[in-house]
Amino acid sequence: MKQIKNNEKEKVFLVGFDTNRKSDITTEDNIKELAALARTANADVVGQAIVRRGPINPGSFISKDKANEIGDTCREHEITTIIFDDDLSPSQQRNLEQITEIKVIDRTNLILDIFAGRARTSEGILQVELAQLDYLLPRLTGKGINLSQQVGGIGVRGPGEKKLEYDRRKIRNRMHLLKNEIEKVREHRQRHRQKRQDNYLPIITLVGYTNTGKSTLLNNISGSDVFVENKLFATLDPTTRRVTMPCNRKALFIDTVGLINKLPHQLVAAFRATLEEITYSDILVHVVDISHEHFKNEISSVEKVLEELKVLDKPVIFAFNKIDILKDKSVINKIKKQKTKSVFISAINKQGFEELFKAIDGILKKGIKAYNLKIPQDRNDIVSSIYEHNKVLKTGYKENNVILRVELNAADAGKLKQFIIRRRKKNNG
Ligand SMILES: Nc1nc2c(ncn2[C@@H]2O[C@H](COP(=O)(O)OP(=O)(O)OP(=O)(O)O)[C@@H](O)[C@H]2O)c(=O)[nH]1
Ligand SMILES: [Mg+2]
């Protein structure tokens, strides 16, 4: 069996299984997405097969004959990896490798591999390693390791690949250690969040399917430089940017990891600390690639994860992106009738941002009132903090005081109570 080097372009073969279940997304669509995932993992997709006949074989998922046939094709074309679109059980994976004599991985394994290659921050690296080990553990046989661990390449790259002996006890210990480390990071994040809440700034989180343009949007509303790429899962770790909106209100915008159909449960579990950011936001901006043929299904996939995180009760604005390349513009009017809180943008051309900000401002305004404050001039610290965090409508000076008209939420109004100028009630008598 050929050893695969880390940066070598692997030739891969994709396999889908048509269950004949009625759904808008066909097996072909799933395979198309699987091919995009494979290319993201630096693989060269050489062939594919969609198995349409017969029930699922519990031992080898597809029939032995079909597996043999695929094995022959792969050897003929020097293909080193077969990727199944469906989750394989550890024994199915092993049996398929025995029949085909080729390394076999599944979609989950592939996604884990991409995440492993993308993780940059210490938190991301810990989380990916945990997810990889969680996936690996049930796949260790009594004899030790299966083919994928022997030949290397896609499926075993990244943190989990470290010279860790494939020994169950050692893996369990390592997982325990990782969980503790992740918990520490989580606590640190919580303290940080507390600080952020103390000087209240509204938090707007960009969520959405992978490759819809979340990072492009963040870059173009904040003038920052977050990594953008036409590949899946360009972003893993949440990036936060402070943005002053045209209405002069300041807010924190957070870019998050893109979601995908059939997102491995190991990843959702391991990335809970990262995804938790979403739980603390005031508004979700759900970025949708309206030019994508199946954008409605992508919305549902994202909503499924949001439901799992129990955040669907938060105000959501749908930002339908990439209108610059949308061919059938009539779609826009149809959506407008169905979804009230939707804006249509082109993140790349900075189009439609005004509408987006207006929608955000509209939601934030609720529960916010305008107050007149009188602050002694020597309390410049307070004045600048207000300028920093709140929307100031008017500024003036009177004697040795700064007079501000400013929008405050209830919490901030409480903190600044001593400076609020109370209007005297009119005396009617
Ligand atoms: N035509 C067009 N392309 C866009 C637009 N916004 C983003 N893109 C492109 O879409 C691709 C993905 O953009 P990203 O900003 O990386 O998307 P993302 O949602 O952050 O992706 P992940 O981090 O992978 O979840 C890039 O090639 C962008 O240039 C847009 O408004 N119009
Ligand atoms: Mg991104």
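In which strand does T239 lie? T239 lies in β6, residues 239-244. The model is predicted. This briefing covers the largest pocket, helix α11, two groups of paired strands, and several single residues.

**Largest pocket**

- The largest pocket holds about 710 Å³ of space.
- Its lining comprises 30 residues, and those closest to the pocket centre are R21, S23, N30, N261 and K262.
- Four elements each give two or more residues to this lining: β1 (10-17), α1 (27-40), α4 (107-118) and α11.
- Helix α11 gives the most, with four residues.
- By type, the lining residues divide into 13 polar, eleven charged and six nonpolar.
- Domain 1 (10-112) and domain 3 (200-364) each supply at least three residues to the lining.
- Empty space of this kind is found by rolling a probe the size of a water molecule over the atoms.

**Helix α11**

- Helix α11 runs over residues 295-308, which makes 14 residues.
- At 1.5 Å a residue the helix should span 20 Å, and its end C-alpha atoms are 20 Å apart, so the expected and modelled spans agree.
- Eight positions in α11 are buried: F295, N297, E298, I299, S301, V302, V305 and L306.
- K310, just after α11, takes a positive phi of about 55 degrees.
- The helix also belongs to the pocket description above, as the element that gives the most to the lining.

**Strand β1 and its partners**

- Strand β1 is largely enclosed by the rest of the structure, because seven of its eight residues are buried.
- β1 and β2 run parallel and are joined by eight bridges.
- In this pairing, E10 stands opposite A43 of β2.
- β1 also runs parallel to β3 (residues 81-84), with four bridges between them.
- V15 has F84 of β3 as its bridge partner.
- β1 is also among the elements that give two or more residues to the lining of the largest pocket.

**Strand β13 and its partners**

- Strand β13 covers residues 401-409, and eight of its nine residues are buried.
- β11 (residues 368-376) runs antiparallel to β13, and nine bridges join them.
- Here K369 stands opposite L408 in β13.
- β12 (residues 391-398) is also antiparallel to β13, with seven bridges.
- K398 has N401 of β13 as its bridge partner.
- β12 and β13 form a hairpin with two residues between the strands, where E399 takes a positive phi near 50 degrees.
- In a regular strand, side chains alternate between the two faces of the sheet.

**Positive phi in loops**

- Most residues other than glycine have a negative phi.
- F61 is not a glycine, yet its phi is positive, about 65 degrees.
- F61 sits in the loop between β2 (43-51) and α2 (64-76).
- Is F61 buried or exposed? F61 counts as buried, because its relative accessibility is 6%, under the 20% cut-off.
- E101, also a residue other than glycine, has a positive phi near 60 degrees.
- E101 is in the loop between α3 (90-100) and β4 (103-106).
- E101 counts as partly exposed because its relative accessibility is 47%.

**Contacts along the chain**

- T239 counts as buried, because its relative accessibility is 18%.
- T239 and I254 are 15 residues apart along the chain, and their C-alpha atoms are separated by 5.5 Å.
- Q93 is in helix α3.
- Q93 counts as buried because its relative accessibility is 1%.
- The C-alpha atoms of Q93 and S60 are separated by 7.2 Å, with the two residues 33 apart along the chain.
- K350 lies in the loop between β10 (342-344) and α13 (353-365).
- K350 counts as exposed because its relative accessibility is 52%, and exposed means over 50%.
- K350 and T216 are 134 residues apart along the chain, with 9.6 Å between their C-alpha atoms.

Definitions and conventions: Residues numbered from 1 in each chain as written. Chains lettered and ligands numbered in written order. Predicted model: local features only at pLDDT ≥ 70, side-chain atom pairs only at ≥ 80, totals over all residues. Heavy atoms only, no water. Expected span 1.5 Å × (residues − 1). Buried < 20%, exposed > 50% of the residue type's maximum accessible area, 1.4 Å probe, protein only. 1 Å grid on protein atoms, 1.4 Å probe; cavity = no way out; pocket = protein on both sides within 12 Å on 5 of 7 lines; lining within 4 Å. Points joined across faces, edges and corners; volume = space filled by probe spheres on them. Nonpolar A, V, L, I, M, F, W, Y, C, P; charged D, E, K, R; others polar. Domains from an automatic or database assignment. Pairing = 2+ DSSP bridges.
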